[in-house]
Amino acid sequence: MRKNTKAKQGRSIGTTIRILVLITILLVVGLLLLAAMLGGRFGPPHQFTLDFIGPLQSAVTRTFAGIVNLKSDYIALLNVRAENKQMQAQIDKYLTELGEYREGYSTYRHLQEVLALKDKLTFKPIAARVVGKEPAYWYQTIVVDRGKKDDILEGMIALAPGGVVGQVMHTAENYSKILLANAPSSAIDAMVQKNRTRGILKGAGEKGFVLQYVLKTADVEVGDYIVTAGIGGVFPAGIALGKISRIEKKQRGMFQEIEVEPHIDFQKLEYVLLDPTDRKAVLDSMNLTPKR
Amino acid sequence: MLVFLFWALGIVLIVAQTTLLEYLPLWLGRPDLVFVLVAFIAYRFAWIPGIVLVFVLSWVLDVIAGIYLGLYPLVCLLVFTALKTLTNKSPVKESTYQIPLVGLSYFLMQIFFYFVYSLFLPDMLPEWSWPGTLQRTILVVLAAVPLFILFNRLYEYILTRRLRSKPPRRRSQRAI
């Protein structure tokens with residue numbers, strides 16, 4: 001009889017513990033979700049987790065990239081690959097130069113101040129290696145091997161030779177997470193380079209970008225280049241984003257539907273450049289306080 | 001031991017998902033390996049170790065890749081609870097139903113994600129695509145087949161080792 005009572009007591013304690021654990025975890029998840037929705041706080045546990053997984057990702061990426069490079073460099077097309085790399089580097093260089101010339105010409109035509117260009121020339125980017133990618137439908141983020149230790153702060157912008165990559169959204173001590181510009185939750189103030197028509201460039205995942213809020217009367221054509229507008233202080237004006245690939249003017253509505261093909265191949269990102277300029281402006285515009 | 005080993009396996013899957021799977025062609029898409037593990041945990045583990053494992057693994061993936069922190073753990077816990085409740089003492093637990101249930105729950109999870117976004121973050125709502133949703137679901141189902149074989153083998157191997165290492169119970173004097 002006593003044994004039965006004891007067993008029943010034990011069972012009821014076990015059930016209580018189970019329920020308590022379940023409630024605690026659900027509460028933690030709920031609080032996390034609430035905190036993320038309200039402030040997007042990336043606290044010490046998050047930072048620790050990112051710093052813990054980062055080295056594993058880095059090791060796997062380096063090893064696998066090494067193997068892939070070895071295979072493609074030494075086994076497959078040794079000479080062609082090397083030449084291709086060289087040409088690709090040249091193309092990147094020329095594309096960057098071309099973008100700069102186009103921007104310079106447009107700047108001249110629109111009588112912009114030379115000072116703005118001088119500001120751009122003070123740009124000293126920090127190179128970072130991409131160690132992890134999660135370009136899933138809902139996420140579109142990458143992890144790079146630079147963090148608070150390298151003076152990387154949330155809100156900084158990430159670039160590649162072809163243009164804008166995205167923006168730093170979370171930082172840990174040694175690693176940072178970057179929201180890609182083609183993520184559905186990303187929106188950048190952009191303009192058509194040739195005539196300064198402005199709009200909002202929204203991420204559309206694998207499709208690239210969609211340029212919104214451009215009036216039907218605006219003069220835009222397929223092939224026009226889209227650059228950052230420089231509004232809001234996060235992205236400087238004139239950085240390449242992509243070019244218009246499709247335009248649709250529906251009967252209803254005031255605006256055109258414009259698809260933009262990114263200059264950057266987000267799938268093949270290996271390195272990014274983090275722009276440390278205008279840090280204070282970035283922080284102020286995001287209402288963030290540096291905690292260093 | 002069992003929980004720790006599956007935690008380590010989950011970490012390996014997360015690292016693989018965020019590094020190696022990138023070498024797959026873009027048109028193919030990428031299966032959510034962690035989701036498959038969450039479903040397996042729901043089938044095989046008890047409530048408390050299951051919840052702890054699912055929470056920890058989904059938290060890690062959320063930190064690595066998530067934009068709105070907390071959403072992925074919440075969805076994974078909901079999926080775990082739903083699958084656990086559905087399969088508890090039910091013929092649905094049989095292996096025949098396991099893989100299709102993974103696909104169904106992944107499909108519903110995508111709809112749930114979209115629903116949450118449309119309620120709380122309508123400005124950031126990505127474009128909905130039925131072919132894309134179905135493709136991702138099929139990919140998860142295909143990935144679930146070899147992964148379930150691997151998980152089952154590992155699970156049974158650990159259980160067998162644990163049973164072997166336990167000394168047999170002696171009968172008490174009174175019983176004799």
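Trainee: Along strand β8 (residues 209–212) of chain A, which side chains are buried and which are not?

Mentor: A:Phe209 and A:Leu211 point to one face and are buried, while A:Val210 and A:Gln212 point to the other and are not. A residue is buried if 20 or more other C-beta atoms, placed from the backbone, lie within 10 Å of its own (12 or fewer: exposed; in between: partly exposed). A:Phe209 and A:Leu211 therefore reach the count of 20 or more, and A:Val210 and A:Gln212 do not. In a regular strand the side chains alternate between the two faces of the sheet.

The model is predicted: local features need pLDDT of at least 70 and side-chain atom pairs pLDDT 80 or more, whereas totals for chains, interfaces and linings use all residues. Residues are numbered from 1 along each chain as its sequence is written, and chains are lettered from A and ligands numbered from 1 in the order in which they are written.

Trainee: What makes strand β7 (residues 198–203) of chain A and β8(A) a pair?

Mentor: Four bridges join β7(A) to β8(A) in the antiparallel sense. Two strands pair if DSSP finds at least two bridges between them, so β7(A) and β8(A) qualify. A:Leu201 has A:Leu211 as its bridge partner. Five residues lie between the strands of this hairpin, where A:Gly205 takes a positive phi near 65°.

Trainee: How many bridges link β8(A) to strand β11 (residues 257–262) of chain A?

Mentor: Three bridges, again antiparallel, link β8(A) to β11(A). Buried A:Phe209 stands opposite A:Val260.

Trainee: In what order do the strands of the barrel in chain A follow one another?

Mentor: Six strands close into it in the order β1-β2-β5-β4-β3-β12, with antiparallel pairing. The twist averages 45° from one strand to the next. Strand β3 (residues 157–160) is joined to strand β12 (residues 271–275) by three bridges, among them that of A:Leu159 with A:Leu273.

Trainee: Turning to chain B, why are α1(B) and α3(B) given the orientation term that they have?

Mentor: Their packing angle is about 25°, with the axes 10 Å apart. Angles under 35 degrees count as roughly parallel, over 145 as roughly antiparallel, 65 to 115 as roughly perpendicular and the rest as oblique. The value therefore makes α1(B) roughly parallel to α3(B). The crossing is right-handed. Residues of α1(B) in the contact include B:Phe6, B:Trp7 and B:Ile14, and those of α3(B) include B:Val56 and B:Leu57. By class, 14 are nonpolar, two polar and none charged.

Trainee: And why is helix α2 (residues 33–44) of chain B termed as it is against helix α6 (residues 130–165) of chain B?

Mentor: These helices pack at about 50°, with their axes 9 Å apart. That value makes α2(B) oblique to α6(B). α2(B) also passes α6(B) in a right-handed crossing. From α2(B), B:Phe35, B:Phe40 and B:Arg44 are among the residues that meet α6(B), where B:Phe148 and B:Tyr155 are among the partners. The contact has 11 nonpolar, no polar and one charged residues.

Trainee: Which helix gives the most to the side of chain B that touches chain A?

Mentor: The contact takes 33 residues from chain B and 35 from chain A; residues are in contact if their C-beta atoms, placed from the backbone, lie within 7 Å. α3(B) gives the most to this side of chain B, with eight residues. By class, the side has 24 nonpolar, five polar and four charged residues.

Conventions: Axes fitted to C-alpha atoms, helices over the stretch in contact; angles between N-to-C directions. Left-handed = near helix turned anticlockwise from the far one by under 90°. Contact = placed C-beta atoms within 7 Å. Nonpolar A, V, L, I, M, F, W, Y, C, P; charged D, E, K, R; others polar.
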